[in-house]
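Welcome to this short tour. Please have your viewer ready, and we will go from one selection to the next.

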Amino acid sequence: MNKPIIAVDMDDTICHLVKRAIYHNNIEFPTHPLRYEDMMDWNTDHLRHPDSTMDLFFGRPGLYEELELFDEYVVEEMEKLHNAYDVIIVTAAVPKTVLEKWNWLQKHMPYIPAENFFTCKRKHLIGFDLLIDDGPHNLLPAVQAGKKVLCIPHPWNLRAREEYAFPLMTSWQGAKERVDEILQARQ
């Protein structure tokens with residue numbers, strides 16, 4: 001019998017990308033400080049210094065290897081999910097960040113094998129039973145395709161959370177039990 005497939009995003013789902021990018025931005029561009037709470041959309045061009053391009057903001061060399069874990073529960077809960085389900089990591093990445101993301105994953109979650117690490121932007125094209133993600137552009141197509149989702153709440157997904165009432169997961173504590181409940185509810 002095949003195990004259900006749980007697709008898990010990396011950035012701002014199992015680790016904190018935006019907060020770390022803000023940290024570097026605020027050092028490099030102190031005249032245009034950013035705040036996490038103000039990141040209400042993916043397009044932050046109007047908030048950043050004109051020289052702080054998206055490539056610089058999210059493409060600083062080494063950025064993805066220095067990201068902090070989402071919380072103190074994520075490593076243990078991901079291992080529980082890995083042991084119970086077919087967990088795949090599905091992360092958007094440009095070629096220069098793929099190795100950094102893989103290195104981060106191997107440092108913190110070495111139980112995730114290479115064949116379960118996917119880089120792609122259009123996650124809804126991958127077969128999975130449940131998606132854990134922070135991006136409305138990933139969650140909505142998954143729901144529309146009849147798949148289960150868990151949304152990691154952040155300012156940039158507030159409007160979509162209000163409009164679509166995605167189930168939320170604010171902490172990784174108890175994530176395995178939460179996933180169990182959601183998957184059993186669909187049977």
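A polar contact here is a pair of N or O atoms within 3.5 Å; within protein, one of the two must be able to donate a hydrogen and the other to accept it, and residues adjacent in sequence count only if both atoms are side-chain atoms. Keep that in mind for a later stop. The model you are looking at is a predicted one.

**Stop 1: the two domains.** Select residues 5-16 together with 68-184 and give them one colour: this is domain 1. Then pick 18-58 for domain 2. Their C-alpha centres are 24 Å apart. Where they touch, domain 1 contributes 13 residues and domain 2 contributes 10 residues.

**Stop 2: the buried area.** Together the two domains bury about 1,100 Å², with 55% of it on carbon and sulfur atoms. Now show His16, Pro155 and Trp156 as sticks: within domain 1 these lose the most area to domain 2, together making up 52% of what that side buries.

**Stop 3: charges and polar pairs.** How many salt bridges are there between domain 1 and domain 2? The count is two. Next, select Asp41 and Arg159, whose side chains form a salt bridge at 3.6 Å, N to O. Across the interface, five residue pairs are in polar contact, both residues being at pLDDT 80 or more.

**Stop 4: the domain 1 side.** Highlight α5 (136-144) and α6 (158-164), the elements that each give two or more residues to the side of domain 1 touching domain 2. The residues of that side comprise five nonpolar, four polar and four charged.

Terms used. Residues are numbered from 1 along each chain as its sequence is written. This is a predicted model: local features need pLDDT of at least 70, side-chain atom pairs count only at pLDDT 80 or more; totals for chains, interfaces and linings use all residues. Side-chain values use heavy atoms; hydrogens and water are left out. Domain bounds come from an automatic or database domain assignment. Contact means heavy atoms within 4.5 Å. Buried area is the accessible area (1.4 Å probe) that two parts lose on being put together, summed over both. A salt bridge is a side-chain nitrogen of Lys or Arg within 4 Å of a carboxyl oxygen of Asp or Glu. Helices (H or I, at least four residues) and strands (E, at least two) are DSSP runs, numbered from the N terminus. Ala, Val, Leu, Ile, Met, Phe, Trp, Tyr, Cys and Pro count as nonpolar, Asp, Glu, Lys and Arg as charged, and the others, Gly among them, as polar.
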